[in-house]
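Subject: Structure handover

Hello,

Here is the structure for you to take over. Please open it first, then read my notes below.

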Amino acid sequence: MKAVARVLGTCVARGIVAMCTAVFVAGAHRAQAGINVWTSNGLAGVYVRSLAIDPSTPSTLYAGTGHWFGDGSAIGEVYKSTDGGSTWSAANTGLRSPVTALAIDPTTPSTLYAGTYDSVGSPGSVLKSTDGGSTWGAFNTGLPTSDLSVAALAIDPTTPSTLYAVTYSYGVFKSTDGGSTWGAVNTGLPTTDLFVAALAIDPTTPDTLYAGVASDANPGVYKSTDGGNTWGALNMGGLFGGSFWVFALAIDPTSPGTVYAGTAWFGVLKSTDSGTTWGGPYGEFMEDVLSVLVIDPATATLFAAGERAMGVYKSTDGGSSWGGFNTGLPGRGVHALALDPTGTLYAATLGVFSIQISCADDGNVCTHDVYDATGTCHHPSAAESYPCTDDGNACTDDVCDGAGSCTHPDNTAPCEDGNACTANDTCSGGACVPGGPPTACSTAFPAKARVDIKADGDPARLRQKFRWTWTSADPFDVAALGNPSTDDDLVVCLYDATGLKFQATAPAGGNCGTNSCWYLTDRKVKYSDRDATPDGLTKLRGKTGVAGRGKLQAHGKGADLDLPSLPLALPVTVHLVREDGSACWQATYSTSIKNEPTRFKALGP
């Protein structure tokens, strides 16, 4: 399979940490990632709690560490490798607490975030580095000032200045300014014993979030569709009343409606309808706290790990069955997994270990490139409906046929035909079919909208004319027209009972003669073009006003005015539409004053 960008997931352990001893040694030796066997990548003997991989330079790795002492105090550091784990160096300036979460800005990889765990003498915090980990500073404004322990960090993939911090005692916090300020977003989550252990962001709809809750009261998976402003509990099924402590979440990046939840003691739960219903538990023999779930989008292989002694488990059938994946892995308490674009999977345990899960690309997007049990590279066909190469047509699906070929069957998805005068366009027969007239438009004051069309058949004498005036039924502000002096075309559309009959555009920007075509103030918009190009409009006006006083006008004439054939079939509706479809205004005429072969005139609505 051709190289597929993999999800660089970072998962962390639950905040119940056994007392242990270790010597902090930055390893300098690294064996190349093994085939079907884990090999050491250094930091031997170091308790590694979190991992992150630079998405643009996968040989750059970060490892967050943490060690607790018998008196409750702790120490933590970040180590960095720029050679795929062959050598490591400390990247600690400004750090002192156990680092339980790491996240990298996907567009600016030199910007990192670290979440730390509260301990005696080392308060928990969110820290930020803008120099690739060389220095760190606390970014805690709006976060709790005591007993703060960060379980996970998640960055909006489309707006990296938006990020979420998941805490063990205070729930979910959100920042929209790169961590400078934070606010709690817990409405709908449990109100007592608020123990949130995991968070996942839908990669295609980043306002859709899933939170894993491990509270004694009302645990499970919660969902938000408004960026965390509100949450609702999801029905996790009938086992034990549907109450599961959830410590890990993963969304299939090739099918975002498929969500996996890792639980304590009951294995993995799965939903294929965005959390509405759940199946499982699967792999309940994995009697551990499943604190890590990672999906390889190239093969849909699912990896799970636990913080106690289970090590790593692997499923190649969507979570239905699982097998151990631990050869060469000495430490079975795994706190994090991270997958790089080359198919190398890293594990955080006592040190960092790696294993190669993909082999040489055969060039076919509809096969997987994987090693079998003997270490031989082979290329089984991807499952039917697995995504493949985009043919550039929004009205076809790009899916594998299950036999190694990429196919492009027609779909019936919503589409955009590029015409501002049509709305609700849909795909049919592999093409985008125009929908009907614009909807949800602002309406006219009763009997205060006029339309007058003259079509005498002699455009050379400029006697073809179009005039439309509109008075607002509600308060109207010209700001709703956008900024036509630079960006926003305005389009006049006319429908009769048979469909779209006429449209003309007043294009954004430009000069008309020696002056700008547009004149804007905070209360007025004016468009003037004596040459009536490109579609015959010569004048467009807008005026802010209260109900009954807001105004719109559109005039046109001449050879470029592509007027419809008259008479028209009632009812007739005239729209003024912003080219991006974000706003529109309309008047509908059920009766006419004149409706003749050369004249249409009406007053309405």
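Start at D580. At 46% relative accessibility, D580 counts as partly exposed. Its side chain meets that of R578 in a salt bridge, with N and O 3.3 Å apart. R578 is buried, at a relative accessible area of 15%. D488 is buried too, at 13%.

Before going further, please note that this is a predicted model. The chain has a mean pLDDT of 87, and 92% of its residues reach 70 or more. The weak stretch is residues 1–31, where the pLDDT is below 50. In the model, that stretch still has 126 contacts beyond near neighbours in sequence. Where pLDDT is low, the predicted coordinates should not be read in detail.

Salt bridges

How many salt bridges are there by the rule used here? The count is three. Side chains of opposite charge can pair when their charged atoms come close.

One is the D580 and R578 pair from the start of this email. Another joins D488 to R578, at 3.5 Å from N to O. D488 lies in the loop between strand 39 (465–472) and strand 40 (490–496), while R578 is in strand 48 (residues 572–578), so this pair ties together parts that are 90 residues apart in sequence. Through shared partners, salt bridges join D488, R578 and D580 into one network.

There is also a salt bridge between R599 and D452, whose closest N and O atoms are 2.7 Å apart. R599 sits in strand 51 (residues 599–604) and D452 in strand 38, so the link ties together parts 147 residues apart in sequence. Are R599 and D452 buried or exposed? Both are buried.

Nonpolar cores

The largest nonpolar core holds 39 residues. Which of them touch the most other members? These are F466 and W468. Strand 38 (residues 442–454) gives the most to this core, with four residues.

F466 is worth selecting in your viewer. Leaving out residues up to four places away in sequence, F466 touches V451, D452 and I453, among others. Its contacts also include V492, L494, F502, A554 and H555. Further along the chain, F466 touches G556, L561, L563 and V574. D452 therefore appears twice in these notes: D452 in strand 38 is also tied to R599 in strand 51.

A second, separate core has 27 residues, among them V172, L194, L199 and A264. As a general point, nonpolar side chains in soluble globular proteins tend to be buried together.

Strands and sheets

Look next at the open sheet of four strands. Its order is 13-14-15-16, and the pairing is antiparallel. Which strands form the edges? They are strand 13 (150–155) and strand 16 (183–184), each pairing on one side only. Strand 15 (residues 171–175) runs antiparallel to strand 16, and two bridges join them. Within strand 16, G183 stands opposite K174.

Earlier in the chain, strand 4 (residues 61–65) pairs with strand 7 (residues 78–81). The sense is antiparallel, over four bridges. L61 stands opposite S81 of strand 7. Strand 7 is also joined to strand 8 (residues 89–90) by two bridges, again antiparallel. There, Y79 has A90 in strand 8 as its bridge partner.

Best wishes

Conventions:
Residues are numbered from 1 along each chain as its sequence is written. This is a predicted model: local features need pLDDT of at least 70, side-chain atom pairs count only at pLDDT 80 or more; totals for chains, interfaces and linings use all residues. Side-chain values use heavy atoms; hydrogens and water are left out. pLDDT is the predictor's confidence in each residue, from 0 to 100. Contact means heavy atoms within 4.5 Å. Two strands pair if DSSP finds at least two bridges between them. A nonpolar core is a set of buried Ala, Val, Leu, Ile, Met, Phe, Trp, Tyr and Cys residues joined through side-chain atoms within 4.5 Å. Buried means under 20% relative accessible area, exposed over 50%, partly exposed in between (1.4 Å probe, protein chains only). A salt bridge is a side-chain nitrogen of Lys or Arg within 4 Å of a carboxyl oxygen of Asp or Glu.
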